[in-house]
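Trainee: I'm new to this one, so could we go through it together?
Mentor: Gladly; have a look at it and then ask whatever comes to mind.

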Amino acid sequence: MQRGFLQGGRSRGEKTPESDRIGRLQAALSAAELELRKRRKARLELEAQTLKTDGPASSTTTADQLPTVAPDEAALHALASHHEPTIMLHRLAVALMLLMESPLLIDLGEHRLPTRVPWKNLQLLLRKPWGQEEVLDKTGPGEKPTITKTVKAVAAALCQQPFGRRLALHVQQQILGGDPPLTHAEVQEADGRCVVLLDWVEGLVLPIVGSPKDTSKSKEATTSVGAVGADVPEEIIAAREAASTAIAEQEQEVANIRKELQEAKRSEEAAKKFAADNDPAKHSLAENSGDAAGKEEDATVEVQGQKRLQYRLQETEVPLLQESVLISLINSVMEPRAGKQRRVEIIGRCEDRETDETAQQRAEAVQAFLLSSGVPLDRMSMRWIVGGPSSCRRTDLNMTDAEGSDSAVRQRAAQLMQRVFSQADQQAEAVPSASSTAKLTEQASAIHPNAPSVVVEELAAETSQEPFARRRVHVIFTKAGLTAKDVDLEIGTDAVRLSSLSGDWDELEVPLPFAVEQPTE
């Protein structure tokens, strides 16, 4: 039934109804997200009109009325140099962070503003250079140019309504006006170099929210975004409620489309997997593959090594500084002695704040890198997992091999070393030592009492121009009345034989301690 379905199905490359459905859902999701952005923008405009209708007089502050001088760079580095800052210096650094990042935080709209930030994160921010986009002309001879574009961006963001004033109030009430409040005396006592930073923070915040007395009086009226007075027209209040309801409905619509799209993608992947598993060509090839192929498929594998790549938010390409991780993995997979059973499993992941396609794109980028480095496609497998905490911004790489391959390699190496050392031992045993030669000589003298006595001496190595020194040996025969005319001497590679021409004593053979060359003279 499955085989007939595949044979009568669509040809490769032809679109399926599920593919058309995915395309329609993607188009619907884009339109729904665009509508959601429009409704949020309309709500922001309505909130701004509400504050203009019943907002404090300070809300009319413009960016031109705020300071445009960047914070003192030496003071920033002095604050960042503290390894364990006091509570007051930590709060001052948080206030600086909120103002430095105010353009980004205000663009995010209604969200929770932080009151406590890890010190290491604050140190990185304090060390960042300020105002790299624009440099003004020098104000005088020998003076440094004043950089103001970044500060202008901060000032412009703080003047945006309603979220600019909300951030300024948060800095004034939660950071500077905490319990106890952050004062110049406290900062001076902790580090006098950082007092100018507190002046810079207050110079940006106070013109927008007013003095601390004014903010304490209006605290209840400004604790939330879009807080309005009692004299705000009812139609504006109704419009705000309608805008909030419309945004909530559109957010639900976007969530529903995303869920349906994810289900459609899973269904499409399941259909493709079913078609691939039941492909007639694949089945016929498997039937004719033979017993060897069957054994290879049945062989179990085990993970021999694991590596991991980490990413920034929404980053999909292989990080440049982490390419060495992949190169090390490639060397292990393509090692000639490992054969062709080693494979790489690529698992792309993404966190909840990232799009679902990010996990797939990360896995595909790693696969493309391995392909360009010579790893065959049939030795790689790829999949991806969507969703999770921030630790899921990664790609996992598992190197697999046949079960027991490492132990087999170690066993072969041990056998090879055993053969090598056993051969060396046999060669050493084949060459008689000086002590064994002396014993043999004593035995020979005992067997032949009338024969000459023998002394075998190994002399110091002879120095020469050759790459190695030659070993030398002296064999001395001693006997009363022994003359050269009555002896016959034969020198072999492993022994020396001495016999009497007149037959006065038996032939004597003396083994040598090492193999020698016959003399040429």
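Trainee: Starting with H4 and H6, is their crossing left-handed or right-handed?
Mentor: In this predicted model, helix H4 crosses helix H6 in a left-handed way.

Trainee: And at what angle do H4 and H6 pack?
Mentor: Helix H4, which covers residues 87-100, packs against helix H6, residues 119-126, at an angle of about 55°, and their axes are 10 Å apart. An angle between 35 and 65 degrees falls in the oblique class, so H4 and H6 are oblique to each other.

Trainee: Which residues make that contact between H4 and H6?
Mentor: On the H4 side the contact is made by Leu-89, His-90, Ala-93, Val-94, Leu-96, Met-97 and Met-100, while H6 contributes Trp-119, Leu-122, Leu-125 and Leu-126. Sorted by character, the residues of this contact comprise ten nonpolar, one polar and no charged.

Trainee: What about H4 and H10, how do their axes cross?
Mentor: The axes of H4 and helix H10, residues 195-209, cross at roughly 45° and come within 10 Å of each other. That angle makes H4 oblique to H10, and the crossing of these two helices is left-handed.

Trainee: Which residues meet there, between H4 and H10?
Mentor: From H4 there are Leu-92, Ala-95, Leu-96 and Leu-99, and they meet Leu-197, Leu-198, Trp-200, Val-201, Leu-204 and Val-205 of H10. The contact of H4 with H10 divides into ten nonpolar residues, with no polar and no charged ones. Leu-96 of H4 is listed in this contact and also in the contact with H6.

Trainee: Changing topic, where does Gln-314 lie?
Mentor: Gln-314 belongs to the loop that runs between strand E1, residues 301-310, and helix H15, residues 323-333. Its phi is near 70°, which is a positive value in a residue other than glycine. As background, most residues other than glycine have a negative phi.

Trainee: Why does Gln-314 count as partly exposed?
Mentor: Gln-314 has a relative accessibility of 36%, and because partly exposed covers the range between 20% and 50%, Gln-314 is placed in that class.

Trainee: Stepping back to the whole chain, how many helices and strands are there?
Mentor: The chain's secondary structure amounts to 18 helices and nine strands. Of its 521 residues, 33% count as buried, and the chain exposes about 32,700 Å², with carbon and sulfur atoms supplying 52% of that area.

Trainee: And what share of the contacts joins residues at least 24 apart?
Mentor: Taking the contacts between residues at least 6 apart in sequence, 73% join residues at least 24 apart.

Technical notes:
Residues numbered from 1 in each chain as written. Predicted model: local features only at pLDDT ≥ 70, side-chain atom pairs only at ≥ 80, totals over all residues. Heavy atoms only, no water. Helix = DSSP H or I, 4+ residues; strand = E, 2+ residues; numbered from the N terminus. Buried < 20%, exposed > 50% of the residue type's maximum accessible area, 1.4 Å probe, protein only. Contact = heavy atoms within 4.5 Å. Areas by Shrake-Rupley, 256 points an atom, 1.4 Å probe, with all protein chains shown as cover. Axes fitted to C-alpha atoms, helices over the stretch in contact; angles between N-to-C directions. Parallel < 35°, antiparallel > 145°, perpendicular 65-115°, else oblique. Left-handed = near helix turned anticlockwise from the far one by under 90°. Nonpolar A, V, L, I, M, F, W, Y, C, P; charged D, E, K, R; others polar.
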